[in-house]
Amino acid sequence: MSMILFLIVMVIIILAAAIYAILQKDLLYAVLATGVISVILSIFFYLLQAPDVAITEAAIGIALTTIIFIITIRNTTRDEDEYTDNHVEKFSKKK
Amino acid sequence: MLKKYIIFALIAVLGFYLASTFKAIPFGANRLGDLNNPETVSAFYLQKSPEDLHVANTITAIVVNFRGFDTLGEVTVLFLAVTGLMSILYRKEEEETEERLAIPSSSLVRTGAKILFPLILVLGIYVFVHGHLTPGGGFQGGAIIATGFLLMLITYKTFYTNHNVMTWLESIAGLGFVAAGLYGLIVYGSFLQNTAWTGNLNDLISGGLIPLIYIFIGIKVGTELTSVLDTLLNIKPRKK
């Protein structure tokens, strides 16, 4: 019974993190939310008796993908609005 | 107008041959479940991998032996992705790298990274060397090794990976995989066919070519992901 409760809480956290990642305008926090999704997913894979996939998800999903996104954010812009607004203005001026 | 009819005729011919091909496949027949029925696929794998191949980890037996050609394709996909990324982003090393870190890391982080780095490397090597005994394998081990290098790259300004060594390791690993496949083709008559000698179940050196191929995959994936991270981290940040 406590196991089922644990799983329900985990699923709720995954959903909340996914919705947060979509709605958040600060991209750094959005990327960290996807990292949280990966953590819980790797726990799920382990509980579903797929340790191979759990190791892969832990190494690639949590560490490498998050870091690659963070490097990309560092080299572009951190704020979602600023980037899109500038480009919309440029695009409309050209027309 | 005539063009349209020709296209329709071609599609009809293609569809006819596709349909007649797929007709021969027994869709809907239960070939997966039911472990007691030796006709099913899962029972075949579970029975064959300990008995014939002497591999304790059935998933490894499937990935490297029964479906070895797919794994070669996956490795090629990763190789192509890394090649594309490097061809766009790679720069020569003489451009300075001190802009890699915005804030220098504290001595606590540096000492911790120095202690953790060899342990992470050993864990990665363990995962891909024991791929046929315990969960994990080449891809997992390679990714763990890449995270170890990532830790050093984002902690130390002066840490760098030698691109020539990376290139050579990666090429030799890729060639080794293909050579192991060709060995099976030449000696036993089919690509990636395993050797007749497979050792004993649960031994470190068992399973014929499987551990060798997984070591090659581990080295290949590890070097590729490490070079991707190294290249990405050495891009200059955009001037604001």
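Here is a quick tour of a two-chain structure, from the overall makeup down to single residues. Keep in mind that this is a predicted model. Both chains are built from helices: chain A has four helices and zero strands, while chain B has eight helices and zero strands. The main things to look for are a nonpolar core of 41 residues, a contact between the two chains, and a few loop residues in chain B with a positive phi, Leu192(B) being one of them.

**Chain A**

- Chain A runs α-α-α-α when you start at the N terminus.
- Of its 95 residues, 14% are buried.
- Take the contacts in chain A between residues at least 6 apart in sequence: 47% of them link residues at least 24 apart.
- For a sense of distance, pick Leu7(A) and Ile68(A): they sit 61 residues apart along the chain, and 29 Å separates their C-alpha atoms.
- Leu7(A) belongs to helix α1 of chain A, which covers residues 2–23.
- Leu7(A) has 13 C-beta neighbours inside 10 Å, so it counts as partly exposed.

**Chain B as a whole**

- Follow chain B along its sequence and you get the pattern α-α-α-α-α-α-α-α.
- Chain B has 240 residues, and 28% of them count as buried.
- Its radius of gyration is 24 Å, whereas a compact globule of 240 residues would have one near 18 Å.
- Measure out its C-alpha trace along the principal axes and the spans come to about 65 × 65 × 35 Å.
- Among contacts in chain B between residues at least 6 apart in sequence, 69% bring together residues at least 24 apart.

**Where the chains touch**

- Chain A puts 14 residues into the contact, and chain B puts in 18 residues.
- On the chain A side, those residues break down into nine nonpolar, three polar and two charged.

**The largest nonpolar core**

- The largest nonpolar core holds 41 residues, and Ala143(B), Leu150(B), Phe177(B), Ile213(B) and Ile217(B) have the most contacts inside it.
- Both chains feed this core: α3 (51–75) of chain A supplies at least two residues, and so does each of α3 (58–66), α4 (68–89), α5 (107–129), α6 (138–155), α7 (163–188) and α8 (210–233) of chain B.
- The largest share, eleven residues, comes from α8(B).
- Ile213(B) touches Val64(B), Phe177(B) and Ala180(B), leaving aside residues up to four places away in sequence.

**Three helices of chain B to look at**

- Helix α1(B), residues 2–23, has 22 residues and reaches 31 Å from its first C-alpha to its last, close to the 32 Å expected at 1.5 Å a residue.
- α1(B) is hardly covered, with zero buried residues among its 22.
- Helix α6(B) has 18 residues, which should span 26 Å at 1.5 Å a residue, and its end C-alpha atoms are indeed 26 Å apart.
- In α6(B), 17 of the 18 residues are buried, so the rest of the structure largely encloses this helix.
- Helix α7(B) has 26 residues that should span 38 Å at 1.5 Å a residue, and the 37 Å between its end C-alpha atoms agrees with that.
- The buried residues in α7(B) are Glu170(B), Ala173(B), Gly174(B), Phe177(B) and Ala180(B).
- The cover over those buried residues of α7(B) includes α4 and α8 of chain B.

**Positive phi angles in chain B**

- Just after α7(B) comes Gly189(B), with a positive phi of about 95°.
- Leu192(B) is not a glycine, yet it has a positive phi of about 65°.
- You'll find Leu192(B) in the loop between α7 and α8 of chain B.
- Leu192(B) counts as buried because it has 23 C-beta neighbours inside 10 Å, and the cut-off for buried is 20 or more.
- Asn202(B) is not a glycine either, and its positive phi is about 70°.
- Asn202(B) also lies in the loop between α7 and α8 of chain B.
- Asn202(B) has 12 C-beta neighbours inside 10 Å, and since 12 or fewer means exposed, Asn202(B) counts as exposed.

Technical notes: Residues are numbered from 1 along each chain as its sequence is written. Chains are lettered from A and ligands numbered from 1 in the order in which they are written. This is a predicted model: local features need pLDDT of at least 70, side-chain atom pairs count only at pLDDT 80 or more; totals for chains, interfaces and linings use all residues. A nonpolar core is a set of buried Ala, Val, Leu, Ile, Met, Phe, Trp, Tyr and Cys residues joined through C-beta atoms within 7 Å. Two residues are in contact if their C-beta atoms, placed from the backbone, lie within 7 Å. Ala, Val, Leu, Ile, Met, Phe, Trp, Tyr, Cys and Pro count as nonpolar, Asp, Glu, Lys and Arg as charged, and the others, Gly among them, as polar. The expected span of a helix is 1.5 Å times one less than its number of residues. The radius of gyration is taken over C-alpha atoms; the globule rule is 2.2 Å times the number of residues to the power 0.38.
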